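Biologist: Could you take me through one part of this model at close range, the packing in the interior, and then show me how the cross-links and strands fit around it? I would enjoy one connected account.

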Amino acid sequence: MQPPLLVLLLAFFLLPSAEAGEIIGGHEARAHSRPYMAYLHIKDKKEFLCGGVLVQKNYVLTAAHCNGRSISVILGAHNIKEKEKTQQDILVKRAIPHPKFNKRKGTYDIMLLQLERNIDQTDTVKPLPLPRSKDLPNPGDNCTVAGWGEVTRRGPRSNTLQEVELTLQEDLKCKRHFNHYNENIQLCVGNPRENKTSFQGDSGGPLLCRNGIQGIVSYGSKNGTPP
């Protein structure tokens with residue numbers, strides 16, 4: 001697998017949050033119903049957490065801003081505060097951020113992580129194939145985001161996997177909210193009138209629509225204003 005595969009998916013923005021990752025207005029996912037979900041523990045200048053999606057037996061897809069000097073990936077988890085028998089903890093051998101990633105603009109915010117070894121595929125740890133079709137979701141479609149981020153603004157993180165349904169927005173509306181929005185590589189989801197969104201702690205998690213995985217959580221704007 002080579003870095004160009006990164007362009008097969010779209011990094012996406014969320015309204016109206018400041019940083020992607022928190023599941024607000026959602027609910028707890030059925031335990032181990034999403035065997036492709038990855039929990040990332042990143043060590044850099046400080047330690048932080050991200051989400052990701054297992055796409056092959058030794059590759060995880062996440063956001064490029066989730067890079068660090070050391071990354072470990074936990075797969076097969078539902079409650080990340082417990083040592084579940086289903087969990088597989090694997091170190092990252094190599095991080096491959098998109099070569100055009102621009103941290104300031106948030107563009108091409110996507111990255112492959114090569115694991116040190118192949119996963120042991122089980123009912124609770126399975127890859128989610130990348131989309132082979134160019135058939136993209138349409139504005140108004142309901143999509144799903146999942147993660148272990150905070151469940152209230154400035155509140156505690158969730159120990160268990162949460163999920164929330166969000167609506168795909170039109171490009172024109174996205175452009176009004178985000179200065180650097182690029183309709184060729186980005187989507188935005190969520191509704192400022194609804195108390196449902198994703199926020200801190202789960203950047204890099206997948207956007208799942210009717211056609212499968214269509215994006216990777218990137219970031220949002222606070223209170224719907226441009227970042």
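Modeller: Let's begin with Leu75. In this predicted model, and leaving aside neighbours within four places in sequence, Leu75 is in contact with Met37, Ala38, Leu54, Thr86, Gln87, Gln88, Ile90, Leu115, Ile119 and Val125. Leu75 also belongs to the largest nonpolar core, a set of 42 residues, where Leu40, Val73, Leu75 and Leu115 touch the most other members. Leu115 therefore turns up twice: as a contact of Leu75 and as one of the four residues with the most partners in that core. The elements that give two or more residues to this core are strand E3 (37–43), E4, E5, E6, strand E7 (88–97), E8 and strand E13 (212–220). Residues come from both domain 1 (37–115) and domain 2 (129–217), so the core lies between the two domains. There is also a second, separate core of ten residues, with Val189, Leu207, Cys209 and Val217 among them. As a general background, nonpolar side chains in soluble globular proteins tend to be buried together.

E5 is a good strand to follow next, as one of the contributors to the largest core. Which way do its side chains point? Tyr59 and Leu61 point one way from E5, while Val60 and Thr62 point the other way. All of these residues are buried. That fits a general rule: in a regular strand the side chains alternate between the two faces of the sheet.

E5 has strand partners too. Three bridges join E4 to E5, and these strands run antiparallel. They form a hairpin with two residues between them, and Gln56 stands opposite Tyr59 in E5. E5 is also joined to strand E8 (residues 111–115) by four bridges, again in an antiparallel arrangement. Thr62 has Met111 as its bridge partner in E8.

E4 brings us to the cross-links. How many disulfides are there? The count comes to three. In one of them, Cys50 and Cys66 are bonded with their sulfur atoms 2.1 Å apart. This pair links distant parts of the chain: Cys50 sits in strand E4 (residues 47–56), and Cys66 in the loop between strand E5 (59–62) and strand E6 (70–75), 16 residues apart. The torsion about the S-S bond is -85 degrees, and the link of Cys50 and Cys66 is left-handed. Are its ends buried or exposed? Cys50 is buried, with a relative accessible area of 3%, and Cys66 is buried as well, at 0%. Both values fall under the 20% cut-off for buried residues.

Another disulfide joins Cys143 to Cys209, with an S to S distance of 2.1 Å. Cys143 lies in strand E9 (residues 142–147) and Cys209 in strand E12 (residues 206–209), so this pair ties together parts that are 66 residues apart in sequence. The link of Cys143 and Cys209 is right-handed, with 105 degrees about the S-S bond. Both Cys143 and Cys209 are buried. Cys209 is also one of the residues in the second core, and this gives us a route from the cross-links back to the packing.

The remaining disulfide is formed by Cys174 and Cys188, whose sulfur atoms are 1.9 Å apart. Cys174 lies in helix H1 (residues 171–177) and Cys188 in strand E11 (residues 186–189), so the pair ties together parts that are 14 residues apart in sequence. Its torsion about the S-S bond is about -85 degrees, so the disulfide of Cys174 and Cys188 is left-handed. Cys174 is buried at a relative accessible area of 0%, and Cys188 is buried with a value of 0%. With bonded cysteines counted along the chain, the disulfides follow the pattern 1-2, 3-6, 4-5.

Now let's step back to the whole chain. The protein has one helix and 13 strands, and read along the sequence the pattern is β-β-β-β-β-β-β-β-β-β-α-β-β-β. Of its 227 residues, 55% count as buried. Among contacts with a separation of 6 or more, 72% come from residues 24 or more positions apart. The accessible surface comes to about 10900 Å², and 45% of it belongs to carbon and sulfur atoms.

Methods. Residues are numbered from 1 along each chain as its sequence is written. This is a predicted model: local features need pLDDT of at least 70, side-chain atom pairs count only at pLDDT 80 or more; totals for chains, interfaces and linings use all residues. Side-chain values use heavy atoms; hydrogens and water are left out. A disulfide is a pair of cysteine sulfur atoms within 2.5 Å. Buried means under 20% relative accessible area, exposed over 50%, partly exposed in between (1.4 Å probe, protein chains only). Two strands pair if DSSP finds at least two bridges between them. Contact means heavy atoms within 4.5 Å. Accessible areas come from the Shrake-Rupley method with a 1.4 Å probe; for residues, only the protein chains shown count as cover. A nonpolar core is a set of buried Ala, Val, Leu, Ile, Met, Phe, Trp, Tyr and Cys residues joined through side-chain atoms within 4.5 Å. Domain bounds come from an automatic or database domain assignment.
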